[in-house]
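Here are some notes for a first reading of this structure. Please keep the 3D view open while going through the points.

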Amino acid sequence: MSTLEIKNLHVSVDTPEGTKEILKGVDLTIKSGETHAIMGPNGSGKSTLAYSVAGHPKYQITEGEVLLDGEDVLDMSVDERAKAGLFLAMQYPVEVPGVSVSNFLRTAKTALDGEAPKLRHWVKDMKASMEQLRMDPAFAERNVNEGFSGGEKKRHEILQMELLQPKIAILDETDSGLDVDALRIVSEGVNRVKETTGLGVMMITHYTRILRYIKPDFVHVFVDGRIAEEGGPELAEQLEAEGYDRFLASA
Ligand SMILES: Nc1ncnc2c1ncn2[C@@H]1O[C@H](COP(=O)(O)OP(=O)(O)O)[C@@H](O)[C@H]1O
Ligand SMILES: [Mg+2]
């Protein structure tokens, strides 16, 4: 069992107009096996939350804490966060020219485990996961994120997640840019990892569409840098019907 605790998190960024506070006191606890949907309008700070937990240098934590199984995540390097079991799938993943998907994944796995995975098992696991994500085997030899379509980027992220077996995953707008078939395949991948490893998931999304495929246990409405309302899956249905207007009026 793992627990990610975000407590009273305040985060600022430097902008040309001065320092701007984006997160204004976020409290959120995610345990193994739980799926939490973070839903909110554009610009409410959802990606900032993901980047802050990931350790992006642009985001300054001014107050609060983030703990993984009681360990101070904010004190860890980005590598150490991954080693501790955090997985971050970014809204805009970076290209890694000259590094193939297969090399990248094997290097990441080796770094996380402290030893190289046994080649036979590794090749088998990677093949199985790629098949389930309906990825062409040739994809393994392409450079990471170079010229990937939106759908390929997302599948690659889920492939990473399945092979690296994190404790807690933060998925930022995993549904963006996916057609219905790709959305279903990617969602099935997330559900598979949840079932087999007991992954805890923070799923950031603007739209309710992905929640038809990945069922959240908890829904948090994010407005103006903090959680404005929390509930179960029924809250997502309410948002689908009503949008975010009710929350924006009160923000
Ligand atoms: N690196 C940054 N520099 C300046 N402003 C930023 C930066 N990152 C985020 N912001 C601002 O913070 C707010 C929240 O952004 P973001 O976290 O991307 O929201 P969301 O993911 O909910 O759409 C926006 O007003 C955005 O312009
Ligand atoms: Mg975002």
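**Notes on two helices, a strand and a further helix**

1. In this predicted model, helix α3 passes helix α5 in a right-handed crossing. The two helices, α3 with residues 101-113 and α5 with residues 150-164, pack at an angle of about 35°, and their axes lie 10 Å apart.

2. The contact between these helices involves V101, F104, L105, A108, K109 and L112 on the side of α3, which meet H156, L159, Q160, L163 and L164 in α5. Sorted by character, the residues of this contact comprise eight nonpolar, two polar and one charged.

3. Strand β3, which spans residues 35-39, is mostly covered, since five of its five residues are buried. As a general rule, the side chains in a regular strand alternate between the two faces of the sheet. In β3 both faces are covered, with T35, A37 and M39 buried on one side and H36 and I38 buried on the other.

4. Strand β3 pairs in the parallel sense with β10 (residues 200-205) over five bridges, and there T35 has V201 as its bridge partner. Four bridges also join β3 to β11 (residues 218-223), again running parallel, and in that strand V219 stands opposite A37.

5. In helix α7, residues 233-242, the buried residues are L235, A236 and L239. They lie on the same side of α7 because they cover an arc of only 105° around the axis. The face turned away from this buried side carries the exposed residues E237 and A241. After α7 comes G243, with a positive phi near 70°.

Technical notes. Residues numbered from 1 in each chain as written. Chains lettered and ligands numbered in written order. Predicted model: local features only at pLDDT ≥ 70, side-chain atom pairs only at ≥ 80, totals over all residues. Heavy atoms only, no water. Axes fitted to C-alpha atoms, helices over the stretch in contact; angles between N-to-C directions. Left-handed = near helix turned anticlockwise from the far one by under 90°. Contact = heavy atoms within 4.5 Å. Nonpolar A, V, L, I, M, F, W, Y, C, P; charged D, E, K, R; others polar. Buried < 20%, exposed > 50% of the residue type's maximum accessible area, 1.4 Å probe, protein only. Arc of directions from axis to C-beta. Pairing = 2+ DSSP bridges.
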